[in-house]
Amino acid sequence: MKRFNPFFYLVLILSIPACSPDPAEPTADQASKSLPPLPLTEEELADKVKGMLVGSAIGDAMGAPTEMWDRESIHRTYGWVDDLDSMVREVSPEGTWKVNLPAGGTTDDTRWKKLVFEYMERQPKLELNASEFSQHIIREYEGYFADFKTLTPTQTEALEFASLRVLWLQEWYKVSLSVQEEDLMAYQQSLGKFYGGEMVCAGLLYAPAIGLRYPGQPEMAYQQAYRLSLYDIGYGKDISALSAAMTAAAMTADGDPTRLLEVLRSVDPQSFFSSRLVGRSSYRILEVARAITETVHASAADEKRPPDTTFDKEKLMKHAFVLLDEHLQDMPFHVGEIHLQVLTAMLVCDFDFLDSLTFLVNYGRDNDTTAAILGAVLGAFYGYEKLPAAMKARVIAVNKELLDIDLIALAETQSARIQSFYALKE
């Protein structure tokens, strides 16, 4: 019988087992009873939840045709991208799983939202449990792997599809196993090799979905997302949790986008600001985004003289692209790089949903992920009804008909789950 290691749970920030709650920390049921009523009606909550999920899928779909491309290649093939387009690209575990998807198709950024929604649907308590989350990933992976047992060597297309699904979660599965085994050294080793041991954007793929569970409570959203940031390292854990906090704040921001950025300063349960050697990297990244924005907006103001001339949005964005190039990391999916691009797009484009997505998609790099994160946060901010109608319809239809992802059904089920925890405004 494996000996229980209490330090493992401390390191991973895992949830306290329900059978032996820590008296210093409220249980999920106690936390639910202490929550204030949300300033949202049932209809408003449903609109925000759908807005996050569909908004994220729109961003994912806009970037999917050119994921990881440089902007010269994007322009050569697609011109200036400001809408959905079809995908003539190879399949990959993290990318599209079907060849030549029509406009509206998505990648792992939407699959991760689906996986996390399904995990949260099964959670009867408000607080989330990291061990159960890792179990969910293990079950998903092993379910994919079981497909191989039913296939023959001649079923080449089915085998390729099964391989894509297995490879998608393979690295996540390795880390998850060590969590289940409560083996701290094994966890440390597997996490150190997760996608090469780099500071990749793991939690950012799903953290906005967690933020939905705590509308108007960014600190609680942060705590739960941080608890589930099992696959992040360093300040990547903080940035993942902050994306959940921004989503929670967006749901009740009441049209004030500054409340999204205020989260990066005011929400710090893990005391990153007081880190002696590093401090809070996320806030430094925000300052870089602000500096870039000030520079390009000042340039635009200068070029608008005389008063009857206009400054082209595309030109404004391309100026910001050059400044962002000075802050590139070794890999496009570095969590700090992605965070900077998302924040810069929001600020340069004054939090406009479509303009901000257009900025990110044309910049390139890991543009389906950056656009999916931004689409999630601003989708929760504006709500489903205010998102572009044609894009909504296209993304919903393609995901349901071709990718077995029913965005509306997922959102409706999650809205009902959230309602079960809170008293909503009448």
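What percentage of the 426 residues of the protein count as buried? The value is 56%, where buried means under 20% relative accessible area, exposed over 50%, and partly exposed in between, with a 1.4 Å probe and protein chains only.

Before selecting anything, keep in mind that this is a predicted model, in which local features need pLDDT of at least 70 and side-chain atom pairs count only at pLDDT 80 or more, while totals for chains, interfaces and linings use all residues. Residues are numbered from 1 along each chain as its sequence is written, and side-chain values use heavy atoms, with hydrogens and water left out.

**The whole chain**

Display the full protein and colour it by pLDDT, the predictor's confidence in each residue from 0 to 100; the average is 91, and 90% of the residues score at least 70. Next select residues 6-31, where pLDDT stays under 50 and the model has 41 contacts (heavy atoms within 4.5 Å) beyond four places in sequence. Where pLDDT is low, the predicted coordinates should not be read in detail.

In a cartoon view, the secondary structure comes to 19 helices and 0 strands, taken as DSSP runs numbered from the N terminus (helices are H or I with at least four residues, strands E with at least two). The radius of gyration is 21 Å, close to the 22 Å that the globule rule gives for 426 residues, so the protein is as compact as a globular protein of that length; the radius is taken over C-alpha atoms, and the rule is 2.2 Å times the number of residues to the power 0.38.

**Arg213 and its surroundings**

Select Arg213, which lies in the loop between α9 (207-211) and α10 (218-227). Arg213 is buried yet has no salt bridge, the nearest side chain of opposite charge being Glu132, 8.5 Å away; a salt bridge here is a side-chain nitrogen of Lys or Arg within 4 Å of a carboxyl oxygen of Asp or Glu, and for charge Lys and Arg count as positive and Asp and Glu as negative, with His and the chain ends not counted. A polar atom of the Arg213 side chain does, however, lie 2.6 Å from the backbone oxygen of Lys125. Leaving aside residues up to four places away in sequence, Arg213 touches residues including Met120, Lys125, Arg417 and Tyr422.

Move on to Lys125, in the loop between α5 (108-121) and α6 (130-146), which counts as partly exposed at 32% relative accessibility. Lys125 and Arg417 are 292 residues apart in sequence, and their C-alpha atoms are 9.8 Å apart in space.

**Salt bridges**

The structure holds 14 salt bridges, and three pairs are worth selecting in turn. Start with Arg71 and Asp325, whose closest N and O atoms are 2.5 Å apart; this pair links distant parts of the chain, with Arg71 in helix α4 (residues 71-78) and Asp325 in the loop between α14 (313-324) and α15 (335-348).

Continue to Glu127 and Arg227, whose side chains meet in a salt bridge at 3.6 Å, N to O. Glu127 lies in the loop between α5 and α6 and Arg227 in helix α10, so the pair ties together parts that are 100 residues apart in sequence, and both residues are buried.

Then select Arg280 and Asp268, with their closest N and O atoms 3.8 Å apart. Arg280 is buried at 3% relative accessibility and Asp268 is buried at 17%, and these two residues are linked with Asp238 in a network of salt bridges.

Methods:
Polar contact = N/O pair within 3.5 Å; in protein donor to acceptor, adjacent residues only side chain to side chain.
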